Amino acid sequence: MKSFVDYLSQYAAYHRDKRNIATHFVGIPMIVAAVAILLSRPVFMHLDGVAISPALMVVVITALFYLKLDLRFGVAMTAFLLLCLWLGQLLAGQSTTVWVSWGVGLFVVGWGFQFVGHYYEGRKPAFVDDIMGLAIGPIFVAAELAFGLGLRKDVQDAVEARVGPTLLRQTRASA
């Protein structure tokens, strides 16, 4: 399995424009929440108040993957995934119209942000070349947040040594 820095570096190579990264701070959480919402039905059974659904299965698998990549980021991502799962269960208990509207709405708007960001970047999304980009995107956003807060400088330095620093491009032509 690739290391955390390997995955982040591969993903970061598609995300060097700060405007693109900024759109990912909005779009990716919306998409993750949307997936949790949409996969929160059907509920196969309840176990001590927890709905056993496709969303729970995806959250468990994804959380284990993130925890294996990096314990500290994995814990943060697990907390975020559990929040999305809670939201998904809450909305799945509503009418079908409410459940689908929130799930599809967040999904479409989230991807809209993604594509605007990649317009700024002047490059296609990472998942086009490697489907794992879909799993790495959320933890990339967490890493960028940590880097912005001055945390995990070791990881930031390792990623930037491979792909360079983030940039703020003035025009698409300079991309």
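What share of the 175 residues of the chain counts as buried? In this predicted model, 43% of them do, and the tour below moves from the whole chain to a single residue.

**The whole chain.** Begin with the complete chain in a cartoon view, where seven helices and two strands can be found, and follow the elements from the N terminus in the order α-α-β-β-α-α-α-α-α. The radius of gyration is 17 Å, close to the 16 Å that the globule rule gives for 175 residues, so the chain is as compact as a globular protein of that length. Switching to a surface view brings up an accessible surface of about 9,000 Å², of which 70% belongs to carbon and sulfur atoms.

**The core.** Next select Phe4, Leu8, Phe73, Ile136, Ile139 and Val155, which have the most contacts inside the largest nonpolar core, a set of 43 residues. At least two residues of this core come from each of α1 (4–12), α2 (18–38), α3 (54–69), α4 (71–92), α5 (96–121), α6 (133–148) and α7 (153–163). Then centre the view on Ile136 and, setting aside residues up to four places away in sequence, look for Tyr7, Tyr11, Phe65 and Leu69, which Ile136 touches.

**A stop in helix α4.** Finally, select Thr78, which lies in helix α4. Thr78 has a relative accessible area of 18%, and because buried means under 20%, this residue counts as buried. Its side chain reaches the backbone oxygen of Gly74 at 2.7 Å, while Ala63 and Leu67 are in contact with Thr78 once neighbours within four places in sequence are left aside.

Key: Residues are numbered from 1 along each chain as its sequence is written. This is a predicted model: local features need pLDDT of at least 70, side-chain atom pairs count only at pLDDT 80 or more; totals for chains, interfaces and linings use all residues. Side-chain values use heavy atoms; hydrogens and water are left out. A nonpolar core is a set of buried Ala, Val, Leu, Ile, Met, Phe, Trp, Tyr and Cys residues joined through side-chain atoms within 4.5 Å. Buried means under 20% relative accessible area, exposed over 50%, partly exposed in between (1.4 Å probe, protein chains only). Helices (H or I, at least four residues) and strands (E, at least two) are DSSP runs, numbered from the N terminus. Contact means heavy atoms within 4.5 Å. A polar contact is a pair of N or O atoms within 3.5 Å; within protein, one must be able to donate a hydrogen and the other to accept it, and residues adjacent in sequence count only if both atoms are side-chain atoms. The radius of gyration is taken over C-alpha atoms; the globule rule is 2.2 Å times the number of residues to the power 0.38. Accessible areas come from the Shrake-Rupley method with a 1.4 Å probe; for residues, only the protein chains shown count as cover.
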